[in-house]
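Take a guided walk through this structure. Keep the sequence and the coordinates to hand.

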Amino acid sequence: MKYLDEYRDERIARALVAELHRRVTRPWVLMEICGGQTHTLMRYGIDELVPRQITLVHGPGCPVCVTPLEIIDKAIRIASKPEVIFVSYGDMLRVPGSESDLFRVKAAGGDVRVVYTPVEALKLARANPQRQVVFFGIGFETTAPANAMAVWQACREGLRNFSMLVSHVLVPPAIRLLLGSPHNRVQGFIAPGHVCTVMGYREYEALAREFHVPFVVGGFEPIDLLEAISMLVAQLEEGRVEVENQYARSVNREGNRPAQAIMQEVFEVCDRKWRGVGLIAQSGLRLRPEFAAYDAEKIFDVAEFSAEEPAECISAQVLQGLKKPVDCPAFGRRCKPESPLGAPMVSSEGACAAYYQYRRVATVS
Amino acid sequence: MCLAVPGRILTIEETKDSRVGRVQFGGITRPVQLDFVPEARVGDYVVTHVGFAISRVDAEEAERTFRILRGMGLLEGEGPESRGESNEQDRAA
Ligand code: SF4
């Protein structure tokens, strides 16, 4: 497929690796922010191809992994109601809540359906006027415009049986938290290419200035990531601090204006709890009061839960790049994709699941 | 979750409040909302996430950077004899 296959070309990959070996003179710690990038790095063994001086740590960019326990519990409550068709992206079904998960709700007879686009949820609402259709609106800035559009469309059509359980998160506040921590060891970042496709990269310029760290906006194929790593290492070795754009075929500095406009119209910024990390100020999106009629939390009056995460799950440190999944005592033993203790083991973009899939032989035996 | 893939627009259908394309991803074709890429035309590639196009692939930008990369690959590799990728490139272009 065009724009995919050529970015997996082995010969170019080898050339980029060779260039990286020539370039690097000192140890550097780099973080790829997005879980999709983590997955590619593990799948193609890029972490093992790069020079030993380069340490890749994995960022908090898996929305499934950071969706707070309370929201999962609320989703379970709502999905268990007989009048509800609960509609979700597939990854969310196995994420453990404090006592159950959506998959078990479905197995017990709950009407839980998996879709790949919120447009399908709207169709379900139109086709089932006697039922309440609730869409689980999670994701980063990449996903927010699509979810916003679904609410906007429902409002425009006057659909009375559609609502959304919203738990959107924003990338820059999490990176700010990480950079402000005294434990931070990350010296350069690969910024998330699809988040930046929507938002542009001005916010990362502000972070680069404030914390004196370079960013390279990167794509998702092996060649994209090798090139992004190479550009970052060049900046670090030369002492430059800039925001560069490796993924220019999709990203420009201003981002996608129509997508930003619909997000703005439907959502507003709010404080948000991140699973494993805790509350991060101004790090989430919720529905604006004008769209309260589409807010599942209000309609179903789901009480505030506060739930404890399993003590042995070290996902907080994994999501902040302080520990690797293999440092977790539960990894591959009590915690596996079929029976995850923590969310990073659920999604294929979670760091723990990526390690389990591609590094298990080397790490657990 | 932020996975988004490039596909080629085969047709576009405009209704009063939306713009939907049939977009080809390798062997399969899917409907894709084009509301966020008003500039996209039939034949363009769009990067698509959860059923919505979030960007139109900038073909010139892709070609420019890729020419540099391919040049590097050839310098590093066994010589100019291609393994077929460049043919496929030309066909797809
Ligand atoms: S391996 Fe499992 S228990 Fe350990 S940090 Fe990852 S998700 Fe948590």
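The paragraphs below go from two helices to a hairpin and then to the cavities. The model is predicted.

Start in chain A with helix α1, residues 10-23. Does the length fit the geometry, and what span should 14 residues give at 1.5 Å a residue? The expected span is 20 Å, and the end C-alpha atoms lie 20 Å apart, so the two agree. At the start of α1(A), D9(A) makes a contact: one of its side-chain oxygens comes within 2.8 Å of the backbone nitrogen of R11(A). R11(A) is also buried. The other buried residues of α1(A) include I12(A), A13(A), L16(A) and the charged E19(A).

Now move to helix α5 of chain A, residues 69-79. Here 10 of the 11 residues are buried, so the rest of the structure largely encloses this helix. Among the buried residues are L69(A), I71(A) and I72(A), along with E70(A), D73(A) and K74(A).

Chain B offers a hairpin. Strands β4(B), residues 45-49, and β5(B) pair in the antiparallel sense, with four bridges. One of the bridges joins V46(B) to R56(B) in β5(B). Two residues sit between the strands, and V50(B) takes a positive phi near 35°. Strand β5(B), residues 52-56, has four of its five residues buried, so it too is largely enclosed by the rest of the structure.

Finally, look for empty space. The whole structure holds five cavities of 30 Å³ or more. The largest has about 90 Å³ of space. Its lining comprises 13 residues; nearest the centre are C313(A), I314(A), C328(A), C335(A) and C352(A). By class, 11 lining residues are nonpolar, two are polar and none is charged.

Notes:
Residues numbered from 1 in each chain as written. Chains lettered and ligands numbered in written order. Predicted model: local features only at pLDDT ≥ 70, side-chain atom pairs only at ≥ 80, totals over all residues. Heavy atoms only, no water. Expected span 1.5 Å × (residues − 1). Buried < 20%, exposed > 50% of the residue type's maximum accessible area, 1.4 Å probe, protein only. Polar contact = N/O pair within 3.5 Å; in protein donor to acceptor, adjacent residues only side chain to side chain. 1 Å grid on protein atoms, 1.4 Å probe; cavity = no way out; pocket = protein on both sides within 12 Å on 5 of 7 lines; lining within 4 Å. Points joined across faces, edges and corners; volume = space filled by probe spheres on them. Pairing = 2+ DSSP bridges.
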